[in-house]
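Got your viewer open? Take this tour one selection at a time, and keep the sequence panel in sight.

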Amino acid sequence: MSTQVDARGLSCPQPVLMTIDAIKAEKKGEIEVMVDTETSKENVSRAAENKGWDVTDVAEVDGVFRITIRK
Amino acid sequence: MSLKNIFATRWGIVGVGIVIGILAALLQKWGNPGNMGICVACFERDIAGALGLHRAAVVQYIRPEIIGFVLGSLGAAYLFREFRPRVGSAPIVRFVLGVFAMIGALVFLGCPWRAVLRLAGGDGNAILGLLGLIFGIWIATLFLRKGYNLGRTQPTHKAAGWMMPLIMLSLLALLIVFPQVEGQDRSGVLFYSLKGPGAMHAPLLISLGVGLAVGFLAQRSRFCTMGAIRDFVLFRQTHLLSGFIALVAAAFVTNLVVGQFHPGFEGQPVAHTMHVWNFAGMMLAGLAFALAGGCPGRQLFLSGEGDGDAAVFVLGMIVGAGISHNFGLASSPAGVGPYGIAAVIIGVIVCLFIGFTMSKRIA
């Protein structure tokens, strides 16, 4: 079961801050981050990769991006 | 997923910074005021003056660059299916932040965009402004780390996202219907400057064209002068910063090539030498931009892609320009205005109040 981060409706830097908080809490495993702008999608993916996590999936449904990151 | 956004890569953002830096320096060559090829705060202030929201005779012009920023971003957002109408993240707070961001910027005489263009033109006073900007953003990052946020937006009607683009189209229509008449300070409902920075501008089509290009590129690359510093302070991320530095470097080289580089502190165009207030004015502006989540340019680009809260921030800045000049808060080359210092202190207190009280954890 992956950890969920719901950053819908939030603008930068909140989605990245929330993702990094989750990364620090989990250390490894799988995290699913929900955002609703392309900018947040790019920022969250970039931040996760900088922290050494892999972006394994990005799915868009009804304007919501679900970004799956794994380490 | 659609095409990968090349503008969101490292070379993408650096390329955008270079293009903006060159165009900004050239706009000065083509008629814009010194070290003011692009200044979002100054240009919104000039728009406020053209509409008569203040009556400072030397700063009145509907700046087509601002119109282009919003419409260029709108075009890019539609082309790449990123137009997302959204509202509802504490608009009144964003309005107040916009007002004080403008007040701070006009004490320094420039926004972050102009601060680096002043630096690239050799104006040493810009160093104080940039240090203030960094300090103000650093304060805001302390609040961000404690959970400061203005709440979530909600998706809304498409027409709501069109409000700021429609306002910009209206300004363009006014500019076309009531063009400048040689030697006249009024044309229909619009005010024009006969001298001073407001009288200095590149030809309309050039200004509009550059504005559209910058708006388009900035929407794609998420270019943000405040975010550049914030992301470095907060995450040690250099993505946006590399674009910002590319802008300074490109403007500097262009200035050298066209003979616009004049190093010094005294007698710089549209600048004063009161170091403490150059620092403090930009500290206030940086704090307000960071609490609102974007530099004044980014707020325009966001309003172009449907962000109604960013649009409210923009309106706050335009109203703030009216307040600044009507109340004697804005600086001039002679130094700070009679109430500028008091306004900066009040502004910092208001921003700290917002930072301290809006740090609730997000549900």
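Start by colouring the two chains separately: chain A and chain B bury about 2000 Å² between them, 52% of it on carbon and sulfur atoms. Buried area here is the accessible area (1.4 Å probe) that two parts lose on being put together, summed over both. Now select P13(A), E42(A) and R46(A), which lose the most area to chain B within chain A, together 22% of what that side buries.

A quick note before you click on: this is a predicted model, where local features need pLDDT of at least 70 and side-chain atom pairs count only at pLDDT 80 or more, while totals for chains, interfaces and linings use all residues. Residues are numbered from 1 along each chain as its sequence is written, chains are lettered from A and ligands numbered from 1 in the order in which they are written, and side-chain values use heavy atoms, with hydrogens and water left out.

Next, show everything in contact (heavy atoms within 4.5 Å): you should get 27 residues from chain A and 23 residues from chain B. The rule finds three salt bridges across this interface, a salt bridge being a side-chain nitrogen of Lys or Arg within 4 Å of a carboxyl oxygen of Asp or Glu. Zoom in on R152(B) and D6(A), which form a salt bridge with their closest N and O atoms 3.8 Å apart.

Which parts of chain A touch chain B? Try α1 (14-26), α2 (38-50) and β3 (54-61), each of which supplies at least two residues to that side. The biggest giver is α2(A), with seven residues. Helices (H or I, at least four residues) and strands (E, at least two) are DSSP runs, numbered from the N terminus.

Stay with β3(A) and add β4 (residues 64-70) of chain A: the strands pair in the antiparallel sense over seven bridges. (Two strands pair if DSSP finds at least two bridges between them.) One pair to click is D54(A) with its bridge partner R70(A) in β4(A). β3(A) and β4(A) form a hairpin with two residues between them, and D62(A) in the turn has a positive phi of about 50°.

Go back to P13(A), in the loop between β1 (3-6) and α1 of chain A. A cis peptide bond joins C12(A) to P13(A), with omega about 10°.

Last stop, chain B: select C39(B) and C42(B), joined by a disulfide (S to S 2.2 Å). A disulfide is a pair of cysteine sulfur atoms within 2.5 Å, and the structure holds one over all chains. This link of C39(B) and C42(B) is right-handed, with 65° about the S-S bond.
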